[in-house]
Amino acid sequence: MPMASIYAPRTLLFSHSTKLFLSPFKPFSSIPLQFTRTTCTLRQPLSPRRNIIEVLEERGLVESITSDALRTASSSSPLKVYCGFDPTAESLHLGNLLGLIVLSWFRRCGHRTIALIGGATARVGDPSGKSLERPELDADSLEKNTLGICKTIATILGRAQNPNLGELNCNVVILNNYDWWKEFTLLDFLKRVGRYARVGSMVAKESVRKRLESEQGMSYTEFTYQLLQGYDFLHLFQNEGVSVQIGGSDQWGNITAGTELIRKILQVEGAHGLTFPLLLKSDGTKFGKSEDGAIWLSPSVLSPYKFYQYFFTVPDADVIRFLKILTFLDIEEIIALEGEMMKPGYVPNTAQRRLAEEVTKFVHGEDGLAEALKATEALRPGSETKLDWKTIEGIAEDVPSCSLAYNEVLNLSLVDLSVSSGLFESKSAARRLLKQGGLYLNNNRVDSESKRIEAADIVDGKVLLLSAGKKNKVLVRIA
């Protein structure tokens, strides 16, 4: 494989032997850094390769493929496949998770994968599935976002090495399309790409047509996005041997723009596209939004505890489908879980617990899952697990909180504290739940209206945790 020269502000070393050099947004050095592309060394023979398309179809992870030739190609030899991620935020979110999962399935079936960061395309903005043009990002934000999502991708995919291929040593390859677009001039673009594009075909793309019919319309900048992404595929096809691009169903127009450019410009066949369904609930609404916004994959933005809790509350109508598309559990095990749900003695949320455990482990690793489980158990009202300040601080960003002075809290009635902390709007509401057995102090049920806060109640002298039922909590910090 050829070496690649890029200018980068720093060298990032990620875990799992992943070595990544990010492309520049503000190059400070004229010394080119170089890295060798991923090499794979097999020390044990591969088991017979399952057809990746059949695997994905079985799990409901195929929306469309460009042709059945992809089925044949994926069975005959290892393929190189890529998925793009535009750095529009500092963290990937749940909408990006399927891309990482499908890439992981390709790896598990013996293929090689590339994650492409859209350092250039993020400056334009993908109109697919959007009713308004994306706000323009400055260079500092793009660099910060790129660093964040590269770390997330490298961590998740590096952790998800193929467990069934013996000692397969594969690095996580992450590229940035700014590396090749930064040298393009407008005249280069028109000559090398634009002349092969047909306006009629571009306008016919669903993502373009919907925007053109809207009141807001579409800018020329957005209109060219499909050509930029299409050329990315051509570049990777020609220079990296990548023959498959994957993406959500809203990326179909952009993906086929790439296969068309490869066929017209390079005059060769063999470029394929595959899309997977978008994450939707059974009622047709988007899966991946909570009351507080997007479900982020980075633990610095959303804690493993809150991430786990989101999946633990998935409705029964969705949980089996999500087990198929969001986990790597055997289909037989998932079917068995579905059967258990139909039986009279089924313990509610058993399937949701398995879903939450598997997805949290994939995104946050064993340590993240352990952290989520510890917090979940410790913060369960009525739990016998002793609370400590560190455990409570682990969920501090996930629950409402307030700060009160020590002398304001000591000897204050629990009913009064429940109102002043914002847990209840009125004393009568607090008393009513207390009588029903639903008011907790540090996970201990309170039965007496006369309960007052004692020094021993303040966990490590720093915090109090009030709970109304199982879900509503307030953290009281002692100033």
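A crossing of two helices is called right-handed if the near helix is turned clockwise from the far one by less than a right angle, and left-handed if the turn is anticlockwise. In this predicted model, helix 3 passes helix 4 in a right-handed crossing. The axes of helix 3, residues 94–108, and helix 4, residues 139–159, come within 10 Å and cross at roughly 35 degrees. On the side of helix 3 the contact is made by Leu100, Leu103, Ser104 and Arg107, while helix 4 contributes Ile153, Ile156 and Leu157. Sorted by character, the residues of this contact of helix 3 with helix 4 comprise five nonpolar, one polar and one charged.

The model also holds an open sheet of six strands, in which the pairing is mixed and the strand order reads 5-10-9-6-7-8. Its edges are formed by strand 5 (64–65) and strand 8 (173–176), each of which pairs on one side only. Strand 6, residues 80–85, pairs with strand 9, residues 244–248, in the parallel sense over three bridges, and valine 81 has valine 244 of strand 9 as its bridge partner.

Two helices that meet this sheet are set out below, with their directions given relative to strand 10.

| Helix | Residues | Strands involved | Angle to strand 10 |
|---|---|---|---|
| Helix 2 | 69–76 | strand 5, strand 9 and strand 10 (272–276) | about 100 degrees |
| Helix 11 | 252–266 | strand 5, strand 9 and strand 10 | about 175 degrees |

Helix 2 packs on the sheet and touches the strands listed for it, whereas helix 11 lies across strand 5, strand 9 and strand 10.

Definitions and conventions
Residues are numbered from 1 along each chain as its sequence is written. This is a predicted model: local features need pLDDT of at least 70, side-chain atom pairs count only at pLDDT 80 or more; totals for chains, interfaces and linings use all residues. Side-chain values use heavy atoms; hydrogens and water are left out. Axes are lines fitted to C-alpha atoms, for helices over the stretch in contact, and angles run from 0 to 180 degrees between N-to-C directions. Helices (H or I, at least four residues) and strands (E, at least two) are DSSP runs, numbered from the N terminus. Contact means heavy atoms within 4.5 Å. Ala, Val, Leu, Ile, Met, Phe, Trp, Tyr, Cys and Pro count as nonpolar, Asp, Glu, Lys and Arg as charged, and the others, Gly among them, as polar. Two strands pair if DSSP finds at least two bridges between them.
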